[in-house]
Amino acid sequence: MFNRFVTWVLPAVPKIIVHKVARRYIAGDALDDALATLESLSHKGFGTTVDILGEDTVELGQARVAASQYVELIEALAERGLERNVSLKLTQLGIRIDESRAFDELKRILDAAAQNDTFVRIDMEDATLTDKTFEFYRRAREIWPRVGTVVQSRLRRTVDDVAQLASEGADLRLCKGIYKESRENAYQGREEIRESFLESARLLMDAPRARVGLATHDLPLVERLRWEIEKRPGARDRLEFQALLGVPIRSGLERLREEGFEVRLYVPYGPEWYAYSVRRLKENPDMAGAIAKSLFKRDRL
Ligand SMILES: Cc1cc2nc3c(=O)[nH]c(=O)nc-3n(C[C@H](O)[C@H](O)[C@H](O)COP(=O)(O)OP(=O)(O)OC[C@H]3O[C@@H](n4cnc5c(N)ncnc54)[C@H](O)[C@@H]3O)c2cc1C
């Protein structure tokens with residue numbers, strides 16, 4: 001219901017206002033903005049992964065530019081002594097236009113990652129790309145082993161995928177999944193999605209060679225995950241929690257850190273902020289109020 005309201009109202013909101021509300025979710029437009037944010041988060045003790053915003057590239061020239069930007073980012077992280085961990089999307093590298101060229105672009109990024117000892121996470125997009133993403137992930141791992149991908153508990157297939165990937169010693173980010181999927185492919189109920197998340201988390205914690213990033217802002221779910229971890233003390237050093245920059249769950253994250261868990265923030269930047277921000281805003285129940293404030297009380301944002 002709220003999402004439908006936002007979908008209806010957002011196109012009418014001037015981009016400048018969306019930007020004001022959305023900027024908490026993005027580090028800025030340029031690489032330097034991202035580096036400054038990463039430095040500050042690192043001083044506060046957070047792990048980070050950096051994402052250059054962009055998806056659904058429509059021509060190969062853009063894919064090439066995106067890959068070059070990733071190479072530049074990886075080199076900058078190494079030069080500045082910042083944590084070397086990036087996240088990327090295959091549609092940004094042109095997977096929907098030309099798979100072979102998209103893999104070539106990914107390979108350029110992997111070569112830079114290998115030279116600079118950088119972890120590369122391949123984000124998961126909608127269900128039409130799940131198999132392809134796993135295929136790219138497996139091929140990528142043959143080139144540079146410090147590669148991981150993402151699984152989405154919303155999808156009915158995920159527990160089976162996780163069982164297989166865990167046995168291969170995968171490093172997976174486990175999230176609910178942001179894309180709207182058909183009833184045939186995906187659970188629609190909140191509780192079913194949580195149960196599938198927990199089942200996948202248990203499988204990953206029980207697989208001695210696997211690693212998992214538990215990526216959720218759902219604090220009741222975090223509570224249940226904590227309970228599962230307590231039963232498996234040996235899994236603690238193979239897992240971490242992850243959250244998106246800007247989502248207001250600071251006290252929840254601080255509590256996890258006080259308990260000794262690694263917490264990694266996903267830090268996106270780049271001029272292509274609109275699509276990403278609209279997705280985030282749709283998830284945020286305070287969004288209507290935030291837009292109203294930025295319209296009428298500009299000084300308060
Ligand atoms: C580090 C990270 C990486 C991700 N990578 C991917 C990926 O590769 N592919 C993919 O499909 N999805 C990805 N996601 C998104 C994820 O799939 C979910 O859509 C998103 O995290 C919301 O689900 P939730 O588990 O937080 O639970 P929800 O039940 O959606 O949210 C729990 C609580 O957090 C609040 N909340 C959630 N989002 C926001 C927000 N933006 N602003 C304010 N409050 C909010 C909700 O209002 C609710 O109170 C990622 C998420 C994270 C944290």
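Colleague: How should the surface position of Asp117 be read: is Asp117 buried, partly exposed or exposed?

Modeller: In this predicted model, the general idea is to compare the relative accessible area with two limits, under 20% for buried and over 50% for exposed. Asp117 has a relative accessible area of 41%, so it falls in the partly exposed class. The residue sits in the loop that links α5 (99–115) to β3 (119–122).

Colleague: What is the phi angle of Asp117, and what sign does it have?

Modeller: Phi of Asp117 is near 45 degrees, a positive value, and the residue is other than glycine.

Colleague: Where does Glu75 lie, and how does its accessibility class follow from the value?

Modeller: Glu75 belongs to helix α4, which covers residues 60–80. Its relative accessibility is 37%, and therefore Glu75 counts as partly exposed. As for its position in space, the C-alpha atoms of Glu75 and Cys175 are separated by 28 Å, with their positions 100 residues apart along the chain.

Colleague: How are sequence separation and spatial separation to be read together for Arg209 and Glu168?

Modeller: The two separations are read side by side. Arg209 and Glu168 are 41 residues apart in sequence, while their C-alpha atoms are 7.6 Å apart in space. Asp161 and Arg202 are likewise 41 residues apart along the chain, and their C-alpha atoms are separated by 13 Å.

Colleague: Which residues does Arg209 touch, leaving out those up to four places away in sequence?

Modeller: Contact here rests on heavy atoms within 4.5 Å. By that criterion Arg209 touches Ser167, Glu168, Gly169 and Ala170. With Ser167 there is also a polar contact, in which the side chain of Arg209 reaches the backbone oxygen of Ser167 at 2.7 Å. Arg209 itself is placed in the loop between α8 (190–206) and β6 (211–215). It counts as exposed because its relative accessibility is 56%.

Colleague: Is Asp161 buried or exposed, and what surrounds it?

Modeller: Asp161 is buried, because its relative accessible area is 15%. It is part of helix α7, residues 158–167. Apart from residues up to four places away in sequence, Asp161 touches Thr130 and Phe134.

Colleague: How should the side chain of Ser196 be read?

Modeller: One begins with burial and then looks for a polar partner. Ser196, in helix α8, has a relative accessibility of 5% and so counts as buried. A polar atom of its side chain lies 2.7 Å from the backbone oxygen of Ser153. Ser153 is also among the residues that Ser196 touches, together with Leu155, Val159 and Tyr187, when residues up to four places away in sequence are not counted.

Colleague: How many residues of helix α11 are buried, and what follows for the helix?

Modeller: For a whole helix, the classes of its residues are counted. In α11 (residues 273–282), 7 of the 10 residues are buried, so the helix is largely enclosed by the rest of the structure. The buried residues are Trp273, Tyr276, Ser277, Val278, Arg279, Arg280 and Leu281.

Colleague: Which residues come nearest to the ligand?

Modeller: There are 26 residues around the ligand, and those that come nearest are Tyr25, Met124, Gly177, Thr216 and His217. By class, this shell holds 13 nonpolar, 6 polar and 7 charged residues.

Colleague: Which polar pairs of atoms join the ligand to its surroundings?

Modeller: A nitrogen atom of the ligand lies 2.9 Å from a backbone N or O atom of Met124. An N or O atom in the side chain of Gln152 is 2.9 Å from an oxygen atom of the ligand. For Lys176, an N or O atom of the side chain is 2.9 Å from an oxygen atom of the ligand. Taken alone, the ligand exposes 920 Å², and the protein buries 86% of that area. The elements giving two or more residues to the shell are β4 (147–152), β5 (171–175) and β7 (239–244). The largest share, 3 residues, comes from β7.

Colleague: Why is the overall form of the protein read as agreeing with a compact globule?

Modeller: The radius of gyration is set against the value for a compact globule. With 301 residues, such a globule would have a radius near 19 Å, and the protein has 19 Å, which agrees. The protein contains 12 helices and 8 strands, and 53% of its 301 residues count as buried. Among contacts with a separation of 6 or more, 76% are between residues 24 or more positions apart.

Terms used
Residues numbered from 1 in each chain as written. Predicted model: local features only at pLDDT ≥ 70, side-chain atom pairs only at ≥ 80, totals over all residues. Heavy atoms only, no water. Helix = DSSP H or I, 4+ residues; strand = E, 2+ residues; numbered from the N terminus. Buried < 20%, exposed > 50% of the residue type's maximum accessible area, 1.4 Å probe, protein only. Polar contact = N/O pair within 3.5 Å; in protein donor to acceptor, adjacent residues only side chain to side chain. Near = heavy atom within 4 Å. Areas by Shrake-Rupley, 256 points an atom, 1.4 Å probe, with all protein chains shown as cover. Nonpolar A, V, L, I, M, F, W, Y, C, P; charged D, E, K, R; others polar. Rg over C-alpha atoms; globule rule 2.2 N^0.38 Å.
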